[in-house]
Amino acid sequence: MSAGAAWDGRRAALFVIPLIIFLALAALFLYRLGSGDPNLLPSALIGRPAPHTELPPLPGVERDGKPVPGLSSASFAGHVTLLNVWASWCVPCHDEVPFLAALGKDKRIQLVSINYKDTEENARRFLNRYGNPFVAVGVDASGRTSIDWGVYGVPETYLIGRDGTIVYKLVGPVTADNLAGALNPEIEKALKQ
């Protein structure tokens with residue numbers, strides 16, 4: 001074998017090996033992208049007590065003619081609670097409002113919320129536009145409390161059992177599909193405990 005032929009073989013390997021590595025990584029990314037539901041991101045908080053939460057109310061928000069309080073950890077005790085993290089600037093948050101309104105009418109659970117990194121004016125406008133389904137609205141202007149909850153982005157919804165333990169987390173908006181297929185069954189399980 002001549003020196004030129006050996007050099008051509010090495011040069012070909014310099015192009016082929018990176019191409020093979022790239023194709024293998026691309027195949028792995030495509031496989032992971034297509035596998036599973038992105039709304040089912042794991043949460044380290046499932047099965048653990050809800051984080052300590054003390055958030056002020058959103059001023060000027062009422063429900064049934066009464067001011068809506070802020071959010072406190074004490075409000076979880078003894079109730080099956082659905083906690084929705086939302087913001088007026090979040091487009092999917094607008095889409096989930098009809099489903100939250102329906103959940104807010106279910107007297108077996110309490111629907112509370114964290115308003116995430118929003119202005120008070122925009123948050124009030126959002127609730128006035130769609131109606132307020134929440135019995136408590138805590139303002140998390142800095143986002144610190146949401147970090148404690150493990151929020152990846154808005155909207156996210158947490159189901160908290162009567163004992164104050166997080167039993168389920170839904171990442172993304174509440175939709176007809178995940179309401180029927182995941183959230184309602186989890187609510188029913190929590191109500192039986």
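Which element gives the largest share of the lining of the largest cavity? The legends below take up this question after an overview of the predicted model.

**Figure 1. Overview of the secondary structure in the predicted model.** The protein contains five helices and nine strands, and from the N terminus on these elements follow one another as α-β-β-β-β-β-α-β-α-β-α-β-β-α. Of the 193 residues of the protein, 41% count as buried.

**Figure 2. Close-up of the largest cavity and the residues that line it.** By the rule used here, one cavity of 30 Å³ or more is counted, and the largest cavity has a volume of about 70 Å³. Rolling a probe the size of a water molecule over the atoms is a way to show where empty space is left. The lining of the largest cavity is made up of Asn84, Trp86, Cys93, Glu96, Val97, Leu100, Phe126, Leu127, Tyr130, Gly131, Pro133 and Phe134. Two or more of these lining residues come from each of strand E5 (81-86), helix H2 (91-104) and helix H3 (120-130). The answer to the opening question is H2, which gives four residues, the largest share of the lining of the largest cavity. When the lining is sorted by class, nine residues are nonpolar, two are polar and one is charged.

**Figure 3. Close-up of the disulfide between cysteine 90 and cysteine 93.** A disulfide is a covalent bond that links the sulfur atoms of two cysteines. The count for this model comes to one disulfide, and in this bond, which joins cysteine 90 to cysteine 93, the distance from S to S is 2.4 Å. The torsion about the S-S bond of cysteine 90 and cysteine 93 is about 85 degrees, and the disulfide is therefore right-handed. Both cysteine 90 and cysteine 93 are buried, and Cys93 is also among the residues that line the largest cavity.

**Figure 4. Close-up of the open sheet formed by five strands.** The strands of this sheet are arranged in the order E7-E6-E5-E8-E9, and their pairing is mixed. At the edges are strand E7 (136-140) and strand E9 (166-171), each of which pairs on one side only. From one strand to the next, the twist averages 20 degrees. In general, strands of a sheet pair through backbone hydrogen bonds, either parallel or antiparallel. Strand E6 (residues 110-116) and E7 run parallel and are joined by five bridges, and valine 137 in E7 is the bridge partner of serine 113.

**Figure 5. Close-up of the cis peptide bond before proline 155.** The peptide bond that leads from valine 154 to proline 155 is cis, and its omega is near -5 degrees. Proline 155 is placed in the loop that connects helix H4 (144-149) with strand E8 (156-160), and E8 stands between E5 and E9 in the order of the open sheet.

**Figure 6. Close-up of two residues other than glycine with positive phi, aspartate 64 and lysine 117.** Aspartate 64 has a phi near 55 degrees and is found in the loop between strand E2 (62-63) and strand E3 (66-67). With a relative accessible area of 71%, aspartate 64 is exposed, because the cut-off for this class is over 50%. Lysine 117 has a phi near 45 degrees and is found in the loop between E6 and H3. The relative accessibility of lysine 117 is 43%, so this residue counts as partly exposed.

Terms used:
Residues are numbered from 1 along each chain as its sequence is written. This is a predicted model: local features need pLDDT of at least 70, side-chain atom pairs count only at pLDDT 80 or more; totals for chains, interfaces and linings use all residues. Side-chain values use heavy atoms; hydrogens and water are left out. On a 1 Å grid over the protein atoms alone, a cavity is a set of points where a 1.4 Å probe fits but cannot get out, and a pocket is an open set with protein on both sides within 12 Å along at least five of seven lines; lining residues have an atom within 4 Å of a point. Grid points are joined across faces, edges and corners, and a volume is the space filled by probe spheres set on the points. Ala, Val, Leu, Ile, Met, Phe, Trp, Tyr, Cys and Pro count as nonpolar, Asp, Glu, Lys and Arg as charged, and the others, Gly among them, as polar. A disulfide is a pair of cysteine sulfur atoms within 2.5 Å. Buried means under 20% relative accessible area, exposed over 50%, partly exposed in between (1.4 Å probe, protein chains only). Two strands pair if DSSP finds at least two bridges between them. Axes are lines fitted to C-alpha atoms, for helices over the stretch in contact, and angles run from 0 to 180 degrees between N-to-C directions.
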